[in-house]
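Biologist: Could you take me through the aromatic side chains of this protein, and then show me how the rest of the chain fits around them? I would enjoy one connected tour.

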Amino acid sequence: MKTGEMVLNELTSTCMLEREGTTDYKYVKMHDLIRDMVIALTRENSTFMVKSGHGLRVPPMENDWPTDLERVSLMRNDLSSLCCEPNCPKLCTLLLQYNSFDKGILPSFFRHMQKLEVLDLSFTGIDHLPESVSHLESLHVLLLCSCWNLLRVPTLAKLKKMRVLDLTYTPIEQMPEGMETLENVRHLGLSYTRVSNMSSSTFPLENYKFIESLSLIGLQLESAGGESLVDVLASCNTLVELELSFDCMRDFDRYITSGHWSLLENFKFLIGDPTSSVDTGKNSISFFGVDIYDTLGDVWLADKVNELAIRACPSITHLPAFITSSKLQHCRIQHCEQMEFVINVAERSAFCELEWLEIDGLSKLSGICNGIVRGGTLAGLEVLHIRACNSLTTLLPLELVKNLTNIVEIKIENCEKIEKVIEVTEINDVDIVLPALKILKLSCLPELKQINRGRMICDSLSSVDVYSCPGLTTLPFLAEIRDEMINSLKEIRGGRRWWKAISRNHENATNRLHTVFEEVADDSFVGEDSEDDRSVCSDGSGSFPLSPR
């Protein structure tokens with residue numbers, strides 16, 4: 001696996017591959033120029049057939065499959081079936097992903113593909129694999145991820161060279177027969193399936209001596225003799241990637257105590273009962289509806305957790321002590337009814353490396369911190385999202401704001417009682433400097449009167465959205481006209497009446513910014529808006545609906 005990462009890094013550093021994706025999901029793709037060149041070369045090579053993304057509706061017939069074919073790509077077409085029996089004894093790679101195949105594949109389609117090593121049928125509508133797949137004894141990679149109708153996979157007993165098997169996000173209910181023979185498997189993905197017959201006989205984990213990556217989210221394994229999944233995992237010393245779910249904190253505590261996690265380079269753990277699939281990245285922990293307690297101490301993955309999600313955990317009042325020493329980068333907290341603040345300053349946690357903080361539906365939240373903020377607290381924060389925290393009256397103390405020199409985006413919506421964003425306790429006005437702030441979004445804040453008292457210097461600000469905030473008639477970053485901010489600001493969106501109120505208080509600034517103002521429908525100025533300014537700020541929507549321009 002490390003060798004593969006080294007190769008990818010080398011290819012990306014030479015611009016042959018490009019890194020794409022989001023924080024949660026990253027991948028690489030071939031540079032367009034390189035891809036065009038390769039496709040041009042393959043057209044001159046009779047051993048390649050590349051027809052990806054051509055919008056094909058009619059599949060190639062038997063005479064379209066030369067016997068000397070080695071690699072075929074029919075991905076991203078509109079094929080509903082494969083109804084021939086190609087004679088391609090030299091074929092080693094077959095890419096069929098992103099086709100419907102709702103009419104199926106001929107049972108004997110793979111009969112004459114004895115050397116096939118890679119078969120990709122991901123994101124297709126097949127409901128079963130042809131029986132001829134069972135005889136592909138040279139197969140190394142079988143990708144069936146997100147085959148939304150897949151119910152059955154034929155026996156894999158003869159596929160002893162299999163190294164990668166991906167069945168994630170498929171509705172299969174039974175483990176394929178012959179799993180015990182896959183002794184060379186390196187990557188095995190079974191997360192978010194409906195498999196119920198997980199046992200030591202149908203899933204002999206101890207047989208997989210070379211396994212490096214295992215994904216079992218949503219599944220339970222009961223081994224013979226009452227041996228637990230934790231006991232089985234403890235014997236898998238080759239694992240470097242693990243995705244796993246636990247029913248309760250007790251099971252998770254037992255796994256952490258085993259120390260197996262110390263072998264892992266990447267992990268994703270879910271504790272509790274999520275209502276749907278969870279979109280979190282590598283090195284992430286997610287708690288759902290469990291009582292989080294502090295018994296795990298410093299042994300708890302302290303320096304490895306990059307992402308934390310906590311949802312509907314009833315007893316939690318702040319981030320638990322066992323996470324405070326981690327290098328946390330992304331934190332999402334939702335619907336924890338007893339949480340009053342996020343950071344307990346008494347525990348001396350600064351979360352200096354936290355980049356993304358998302359808070360949603362904390363009905364008792366009174367602030368980010370519960371006391372005097374330490375220097376460096378949240379110094380790395382780039383994105384702050386606050387939503388539906390209806391006890392919140394002020395969000396950020398001045399001491400904390402002074403640390404937010406890297407903040408890029410602030411979004412606050414649907415907080416019924418918030419009156420100001422930044423609390424300034426000094427008698428005299430204080431200048432707030434947020435040099436990296438680019439995006440500010442305020443939505444459905446009926447009591448909001450001000451962002452802060454005094455000036456705000458945001459020379460990188462590019463986008464401002466204000467919707468349904470009737471009391472907000474001043475913007476502190478317009479108190480002083482700075483050319484840097486005027487040049488960087490590309491759009492201001494809000495209701496017509498709101499903009500008129502802003503213009504009365506910041507006439508000079510709004511005169512220079514009228515070209516970047518974009519009107520949105522806003523009914524928060526009751527009795528003042530025209531008939532064209534009608535909209536309802538639905539609870540939880542936080543949207544910025546546009547009126548016709």
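**The aromatic cluster and its surroundings**

Modeller: Happily! In this predicted model, a cluster held together by ring pairs takes in F246, F252, Y255, F267, F269 and F287. Let us start there and work outwards.

How many aromatic pairs does a search of the whole structure find? The count comes to 14. One of them joins F246 to F252 in an edge-to-face arrangement, with the ring centres 5.3 Å apart and 65° between the planes. Both F246 and F252 are buried.

A pair of aromatic rings is described by the distance of the centres and the angle of the planes. With that in mind, have a look at W498 and W499. Their ring centres are 6.0 Å apart and their planes meet at 45°, so this pair is classed as tilted. Are these two tryptophans buried or exposed? W498 has a relative accessibility of 1%, so W498 counts as buried. W499 has a relative accessible area of 9%, and W499 is therefore buried too, the cut-off being under 20%.

Back at F246, there is a loop residue to follow. The C-alpha atom of Q220 is 8.4 Å from that of F246, although 26 residues separate the two along the chain. Q220 belongs to the loop that runs between β10 (213-215) and α3 (229-233). Setting aside residues up to four places away in sequence, Q220 touches M198 and D247. Its relative accessible area is 46%, so Q220 is partly exposed.

Another ring has a charge for company. The charged end of R76 sits over the ring of Y98, at 4.0 Å from the ring centre.

From there, please turn to S73, which is found in strand β4 (residues 71-73). What does S73 contact, leaving aside its neighbours within four places in sequence? The partners are M49, V50, K51, S52 and L95. S73 counts as buried because its relative accessibility is 8%.

Now for the cysteines. A disulfide is a covalent bond between the sulfur atoms of two cysteines. Searching the whole structure turns up zero disulfides. Two cysteines show how the surroundings vary: C92, at 14% relative accessibility, counts as buried, while C248 has a relative accessible area of 29% and is partly exposed.

What about empty space inside? Rolling a probe the size of a water molecule over the atoms shows where empty space is left. Here the count is three cavities of 30 Å³ or more, and the largest cavity holds about 50 Å³ of space. Which residues line that largest cavity? The lining consists of R455, M456, I457, C458, P476, F477, A479, E480, R482 and M485.

Finally, let us step back to the whole chain. Its secondary structure comes to eight helices and 28 strands. Of the 549 residues in the chain, 49% are buried; F246 and F252 are among the buried ones. As for contacts between residues at least 6 apart in sequence, 56% of them join residues at least 24 apart.

To return to your request, the cluster with F246, F252, Y255, F267, F269 and F287 is a good place to begin when you look at the model. You can then go from F246 to Q220, with 8.4 Å between their C-alpha atoms, and on from Q220 to its contacts M198 and D247.

Notes
Residues numbered from 1 in each chain as written. Predicted model: local features only at pLDDT ≥ 70, side-chain atom pairs only at ≥ 80, totals over all residues. Heavy atoms only, no water. Helix = DSSP H or I, 4+ residues; strand = E, 2+ residues; numbered from the N terminus. Buried < 20%, exposed > 50% of the residue type's maximum accessible area, 1.4 Å probe, protein only. Contact = heavy atoms within 4.5 Å. Phe/Tyr/Trp six-rings, centres within 6.5 Å; stacked < 30°, edge-to-face > 60°. Lys NZ or Arg CZ within 6 Å of the ring centre and 35° of its normal. Disulfide = S-S within 2.5 Å. 1 Å grid on protein atoms, 1.4 Å probe; cavity = no way out; pocket = protein on both sides within 12 Å on 5 of 7 lines; lining within 4 Å. Points joined across faces, edges and corners; volume = space filled by probe spheres on them.
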